[in-house]
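Okay, thanks everyone, I'll keep this short. Let me put the structure up, and then we'll go through charged pairs, one helix and the core.

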Amino acid sequence: MKNTHPQGSAQTLAGRITEWLTFDNMHHQWLLLAACFWVIFMFMVASKFITLTFKDPDAYSAKQEFLFLTAVPDAGKLPGEKHFPEELKPTGKVPSDNRLVQPLVYVERLELIRNVCRDEALKNLLHTAVSKFVLDRIFVCDKHKILFCQTPKVGNTQWKKVLIVLNGAFPSIEEIPENVVHDHEKNGLPRLSSFSDAEIQKRLKTYFKFFIVRDPFERLISAFKDKFVHNPRFEPWYRHEIAPGIIRKYRKNRTETRGIQFEDFVRYLGDPNHRWLDLQFGDHIIHWVTYVELCAPCEIKYSVIGHHETLEDDAPYILKEAGIDHLVSYPTIPPGITVYNKTKVERYFLGISKRDIRRLYARFEGDFKLFGYQKPDFLLN
């Protein structure tokens with residue numbers, strides 16, 4: 001009788017090995033699948049955390065705890081002295097007095113100024129002495145330790161109203177008479193130039209400092225319309241003294257009898273020898289001189305730079321940073337009034353020679369670059 005046991009045993013053993021390999025393969029597949037699920041789960045958790053951390057805060061009220069770069073007021077020199085901004089350094093702590101950590105956009109604005117101020121090619125356009133002319137532009141609120149540099153034609157009337165209320169001259173913005181806002185004997189706004197050198201330096205080093213800018217060419221259009229076309233504040237010297245002086249010097253067709261045109265204004269501003277007229281016009285030139293000449297941003301380390309085009313966001317943020325948002329609000333901004341109007345700019349510069357526009361840009365190039373405004377190639381080329 002033939003013995004088949006060894007063959008059966010071999011088959012049984014082979015089957016068991018096959019089952020074991022199958023089980024082991026399935027075991028590895030399950031382990032791999034479980035690992036994949038774990039990786040996906042951890043990625044989802046990490047993504048959620050990153051989203052919550054870096055999401056843009058709603059209406060500049062949420063604290064961005066991950067950003068510790070702050071614009072701590074720490075600059076200012078005595079009149080006539082030069083000052084170059086120091087590096088922005090992490091403080092390692094959240095600012096006190098309920099002030100926000102600076103959102104990235106405001107840090108970037110200050111860093112841009114710091115970097116452009118180092119441009120040797122633009123040195124003559126960027127640096128100015130912190131002279132009496134500059135100190136006259138800076139209004140002081142000692143009660144809340146605030147300095148505001150006036151840049152006319154950029155919504156400054158409203159900011160002056162805010163400071164007037166903070167200084168206690170009037171209980172609310174609505175109660176301030178329009179004829180008082182710019183009357184510096186009645187509005188209760190001291191200028192920084194009225195203090196001693198030591199007191200000036202102290203305030204420049206320790207106070208919250210800010211000013212507002214807008215597209216330089218659009219600001220010039222606003223100044224021209226306000227002072228020479230509408231002339232709403234009963235300031236006859238713009239039409240009867242300044243305008244004739246510009247026309248006599250810069251009008252090409254001397255037989256033309258029209259009032260001052262924007263073309264005349266552009267020639268005056270772009271003339272490298274404009275200063276002899278500026279001296280005749282006195283402080284009235286504040287409505288069209290550069291931001292550099294007004295506020296010395298390369299010499300004074302400002303806490304915040306606001307932009308007219310984003311004033312709906314910047315105004316509440318400035319009030320919050322200054323620690324006064326619970327005391328006063330910036331007046332309501334009419335819809336669309338802060339939006340850059342390229343069509344208007346093109347219309348005003350229509351017919352003006354490229355040479356005159358390029359000379360104008362050459363004078364205001366520092367303002368364009370310091371505050372991140374795009375070069376108006378559509379006018380220059």
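So, start with Asp 183, which comes out as partly exposed at 22% relative accessibility. Bear in mind that this is a predicted model. The cut-off for buried is under 20%, so Asp 183 doesn't make it into that class. Its salt-bridge partner is Lys 186, with the closest N and O atoms 4.0 Å apart. Lys 186 itself is exposed, with a relative accessible area of 55%.

That's one pair out of 23 salt bridges in the structure. Now look at another one, Lys 227 with Glu 235, where the closest N and O atoms are 2.8 Å apart. Are those two residues buried or exposed? Both Lys 227 and Glu 235 are buried.

Next pair: Glu 293 and Arg 275, a salt bridge with 3.5 Å between the closest N and O atoms. Glu 293 sits in helix H12, residues 291–295, and Arg 275 in helix H11, residues 275–281, so this bridge ties together parts that are 18 residues apart in sequence. The two ends have opposite surroundings: Glu 293 counts as buried at 16% relative accessibility, while Arg 275 counts as exposed at 52%. And then there's a network, in which salt bridges with shared partners link Arg 251, Glu 263, Asp 264, Arg 267, Arg 355 and Asp 356.

Okay, on to helix H5, residues 156–166. Here 10 of the 11 residues are buried, so the helix is largely enclosed by the rest of the structure. The buried set includes Trp 159, Val 162, Leu 163 and Ile 164, and also Lys 160 and Lys 161. So what covers them? Among the elements doing that are strands E1 (138–141), E2 (146–149) and E3 (208–213), plus helices H6 (178–181) and H13 (311–321). After H5 comes Gly 168, with a positive phi near 90 degrees.

Last stop, the core. As a rule, nonpolar side chains in soluble globular proteins tend to be buried together. In this model, the largest nonpolar core has 96 residues. Which of them have the most contacts inside it? Those are Trp 159, Phe 228, Tyr 268, Trp 288 and Phe 349. We've already met Trp 159, as one of the buried residues of H5. If you zoom in on Phe 349 and skip its neighbours within four places in sequence, you'll find it in contact with Phe 217, Ile 221, Phe 262, Val 266, Ile 357, Leu 360 and Leu 379.

That's it from me, happy to rotate the view if anyone wants another look.

Terms used
Residues are numbered from 1 along each chain as its sequence is written. This is a predicted model: local features need pLDDT of at least 70, side-chain atom pairs count only at pLDDT 80 or more; totals for chains, interfaces and linings use all residues. Side-chain values use heavy atoms; hydrogens and water are left out. A salt bridge is a side-chain nitrogen of Lys or Arg within 4 Å of a carboxyl oxygen of Asp or Glu. Buried means under 20% relative accessible area, exposed over 50%, partly exposed in between (1.4 Å probe, protein chains only). Helices (H or I, at least four residues) and strands (E, at least two) are DSSP runs, numbered from the N terminus. Contact means heavy atoms within 4.5 Å. A nonpolar core is a set of buried Ala, Val, Leu, Ile, Met, Phe, Trp, Tyr and Cys residues joined through side-chain atoms within 4.5 Å.
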